[in-house]
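Biologist: Got a minute to walk me through this one? I'd like to start with how the helices pack.

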Amino acid sequence: MKLFYDVLTLYRMELDDLLSRFDRKPNQDELEQIIGEIRESISAFRHIRRQLELLEASDVESLFDKVAKEIRSSVVTINKPGTLLKGKNASSWITEERIRNDQWHYWTRYKEYLGRQGRAFDVLEELDKSTQTIAELLGDPLSKNAYFTKGVVVGNVQSGKTGNFNGVINRAIDLGYKLIIVFSGIMDDLRAQTQDRIEKDVIGWGTLTNKTKSAQGVKGVGQIREFGNDSGIFQVESITSCDTDFSRRLLDANFAFANTKILVCKKNHSVLANLIYWIHTSIPEGHERMDVPLLVLDDEADNASLNNLGYKGIEYAGKVNGHIRALMGLFNKKSYLGYTATPFANILQDQNEGISDFWEIRYRRGKEEIVHKHALTESLFPDDFIFKLNAPSNYVGPKLMFEHGQEEEGERKLPIISIIGDYRIHFPPKAKKGQDKPAGMPESLKDAIDCFVLSIALRLSREKVLVNTPGYNPHHTMLVHVSLLTDWQNSAADKIAEYLEGLQKDIASHSLNDENGIYARLEKQWNRYFAYEVENIHLHLPEDYHDQTLTAKEYRKDIIALLPASVKDLEIKAVNSERGHKLEYRVDSNGKGKKYIAVGGNRLSRGFTLEGLSVNYFIRCTSHADTLLQMGRWFGYRPGYVDACKVFMDSDSLDKFNFITRTLTELEDRIETMNREGLSPARYALRIRNDHDTLRITRPAILKNANTVRFTFREKLVETYRFKLEADKLKRSWEQFEALLKEYSAADNLKVEESKTDGKATKFYKIRTDKDGLFRFLDQEHSFIATDSFTLGEIKAYINLANDHGFLKNWTIAIQMSGSGGKLTSEVLQDVDLSLRSGPGKNKKGVPGNYYNDLLLDNIFRVASGRIVTTGLDEAVNLPEELKSAAVDEFKKAQADEIIKTEKISFQEALAKANKKTLPGSIFRRKRSANEGLLLVYLLNVKEIFHDDKLQEKAVKEGFDFSVPLIGFGFSFPANDNDPGGEFLVNETQPDDGEEEETDELDFIDNVDEPVSVD
């Protein structure tokens, strides 16, 4: 192993030198040539040559092959730089005089540790830059002045925020912070997992969880370099451990702050009370506060930390929020840094000032009750900065699975989602505790378990290659999330165990060639769920996603013989408070990992990393989309097995994931735009607070002050993409629409115009009208259904309000004339080709695609990708030529600037790449006058919606007239800095479904007033 790291280190040094000669990233052929040249150079080193001579030729080849795989992965993975929104008082204070490069002891050790783990060059470089940027924005721990800095770091779910998190901790230690408190979720399992990561990434010492028996010793970064003793560098100390949170027995411990102390704690009011008591009683006599510089890092900062009671006024706070602010109020110098993937609630929380001697905490010492009154700091709103991390190119995130609204032409989603609907009898969405459980289990859950067994076999078939690649994970996990209620989880776990036992017996006893046996049945499952995906996965991955280990496999040749090993030692765990099962990812003496089917709810839904997660059976009834996104444990990194992954969910959950992914994408773009404009977190907060979609995705408790929360559709494209298809209604809708067009035609207000943008031309029938004319179209009978994105009533209310303030007075109604769905039959509209939006089909194996059964059984048609609007160019239809050109030029320049950040190429080369980017409609919305609205109309071919024999038979039976089109709308709203918005009524548009009250799984209750015992 030492020889491998020696060779890898030399490779990296040589590679850095060779790559510096390129003004761009090398292509694949050039990279292979470089790898070969470096091998020759390294092999000539005397100390390396002597060690190689002691090896067999095959071992030498294996060594260099393993190193080459690491190098390929390191070079081809790219990581776009992060984006910063900075408050007016935030400034950098780290200078060469303040801290030299050779003083980054902890940070340098951590970076070297990550390099040895195979982190890509770009990823390490970006981590270096982003952690220093964040550290610079925290308060200076050596300052003689008091301060309170607050920031939030936003990253994708399961994208590696913890790597940045721990990087900032390492830098904070080097800079002089003496007390670092990490708040990690509300569950013991997550806290222990975070403690373990910090011991590996920061401390270098702690519980050795990879052994059969737990023991204390050197781990992680400590194996690179040990601090303390004779090193001349102090050793940071952890007060908590993997087994122990900050508890009562630590209260009387006398911890000196000569060396930095780290605590990893749950966000539990009792734990926080213990911390407050400890700090409060440690303040030196004659001092009001501690002078020790404090850094609080709050993981999953949108969960539990927020002030859910601030809407009542300045003197109210949620229990955990009040305790955190009371804790920070005990220090003169403090920094608060939150990390989250869903920052909406953090931005929407009520902002308020600090209050002196307001927060009351009661303690019990023996029979005596002690009452301490504490000052609350101001709110945890990130006034100083918001930093958005970008995931590297090998991240498998929401945009690869769900609609994000900015799909490039020809972009395909990962074919890993299967829509289910047969779970409702077995796992009712509104099940109650103690309710009788139906016998058996849904066929879809059996399919998911079969897929898990096959996914293990697929990964085992690549194991010899994968074990030598960066990011190799020996563990296998399936997540089953069917209810928040523990008794339903336990029932599901028992049924799964029973099914698995039968599967294991059949695999052990049946013949491989039995046509009616288990191997033949699993072959059908392979053909249904894996054959196409494994063969064609590269067609569904982005160009910059590189994984040479995704080799095609065949069931009979590569998989079938591995099925007995796949089901061996497979464990079922019900991870909840009642059964107390834990997921302990330990590697045995043979290097084999764990195989778990984990059934759970809250304990597995936030932050906790499920190692080697490949199959997910996911049912979650929630109206809170940010909660839903956090439960997407299937996001992350899947080296060598992204094609082995499967997600089983219902169509309602799929719609919600699509909705929040589109909203997140828009907000990311907004951060980029505001960064270029130099705007602050406060301005970003205003935009989010007013954003219609954002207000729909977070928890009602954050939004209870409806009088001060307003929504707007400014700069939005709102599309009708779900329709209830009824033959009579479709016919009436078209007759009314055509009659209205006749009126406009008779008044010479229906004209054909050609819109040319960026060298492309599209024809539209155009009508110029006002709000009342627009509403005549909207008030006619229609077939579209309200979605998470809008209701028609909300749109009309917003337009009325805008009109009252002098905006959106003028409207263009543009009917697209060009399409690929055949000619329209119409008395008014001539030479119009219908738009083509095919209904959900079946794949090559005859399996219904997403939403197929919704159309077949319920007549609900959903447009693929949620896009009724053909292209962003359509939104330029009512813009003057000079504004079109300006929008296109500005977009391409901004794209070129972004490309240059990650590629060493000239501006002209970057511009050539930017020219290939799809133009988004948002660039035209930003240029349009605040008084100009646009309604895009698309006429869809109904016959092509009912496109296969089964669907067409249904359509004919129900009397659909295929000459009548389906009418779809796209509302394009302009940007408007003076937009009035409208009142957001939480009770009407976002009811709280009470789901959180149904669970008994929480480790603590947040709002209890019992005194905390400190004996």
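Modeller: Sure, one term before we start: axes here are lines fitted to C-alpha atoms, for helices over the stretch in contact, and angles run from 0 to 180 degrees between N-to-C directions. Helices (H or I, at least four residues) and strands (E, at least two) are DSSP runs, numbered from the N terminus. With that, the axes of H7 and helix H8 (residues 188-203) come within 10 Å and cross at roughly 50 degrees.

Biologist: Wait, what kind of model is this, and how are residues numbered?

Modeller: It's a predicted model, where local features need pLDDT of at least 70, side-chain atom pairs count only at pLDDT 80 or more, and totals for chains, interfaces and linings use all residues. Residues are numbered from 1 along each chain as its sequence is written, and side-chain values use heavy atoms, with hydrogens and water left out.

Biologist: OK, back to H7 and H8. What do you call that arrangement, and which hand is the crossing?

Modeller: H7 and H8 are oblique to each other. For the cut-offs, angles under 35 degrees count as roughly parallel, over 145 as roughly antiparallel, 65 to 115 as roughly perpendicular and the rest as oblique. The crossing of H7 and H8 is right-handed; a crossing is left-handed if the near helix is turned anticlockwise from the far one by less than a right angle, and right-handed if clockwise.

Biologist: Which residues meet there?

Modeller: From H7 you have Thr-162, Gly-163, Asn-166, Ile-169, Asn-170 and Ile-173, and they meet Arg-197, Ile-198, Asp-201 and Val-202 in H8. Contact means heavy atoms within 4.5 Å. By class, the contact of H7 with H8 has four nonpolar, four polar and two charged residues. Ala, Val, Leu, Ile, Met, Phe, Trp, Tyr, Cys and Pro count as nonpolar, Asp, Glu, Lys and Arg as charged, and the others, Gly among them, as polar.

Biologist: And how does H6 pack on H7?

Modeller: Helix H6 (residues 121-137) and helix H7 (residues 161-175) have their axes 9 Å apart, at an angle of about 55 degrees. That makes H6 oblique to H7. H6 passes H7 in a right-handed crossing. On the H6 side, the residues include Leu-127, Thr-131 and Ile-134, and on the H7 side Gly-167, Val-168 and Arg-171 are among them. The contact of H6 with H7 divides into five nonpolar, six polar and two charged residues.

Biologist: What angle does H5 make with H8?

Modeller: About 110 degrees for helix H5 (residues 105-116) and H8, with their axes 9 Å apart. That makes H5 roughly perpendicular to H8. Tyr-106, Arg-109, Tyr-110 and Tyr-113 of H5 make the contact with Lys-200, Asp-201, Val-202 and Ile-203 of H8. That contact of H5 with H8 has five nonpolar, no polar and three charged residues.

Biologist: Changing topic: how many helices and strands does the chain have, and what share of its residues is buried?

Modeller: There are 34 helices and 29 strands. Of the 1015 residues of the chain, 58% count as buried. Buried means under 20% relative accessible area, exposed over 50%, and partly exposed in between (1.4 Å probe, protein chains only).

Biologist: Any odd backbone angles?

Modeller: Leu-808 has a positive phi of about 55 degrees although it is not a glycine. Leu-808 sits in the loop between helix H26 (792-804) and strand S24 (810-816). Asp-831 also has a positive phi of about 55 degrees without being a glycine, and lies in the loop between S24 and helix H27 (852-858).

Biologist: Is Leu-808 buried or exposed, and what about Asp-831?

Modeller: Leu-808 counts as buried, at 3% relative accessibility, whereas Asp-831 is exposed, with a relative accessible area of 60%.

Biologist: What's around Trp-488?

Modeller: Trp-488 is found in helix H15 (residues 486-509) and is buried, with a relative accessible area of 2%. Leaving aside its neighbours within four places in sequence, Trp-488 has contacts including His-426, Phe-427, Pro-428 and Lys-432. The C-alpha atoms of Trp-488 and Lys-432 are separated by 8.9 Å, and the two are 56 residues apart along the chain.

Biologist: And which residues does Ala-910 touch?

Modeller: Beyond its neighbours within four places in sequence, Ala-910 is in contact with Ala-896, Ile-899, Ile-900 and Ile-905. Ala-910 is in helix H29 (residues 907-914) and is buried, with a relative accessible area of 0%.
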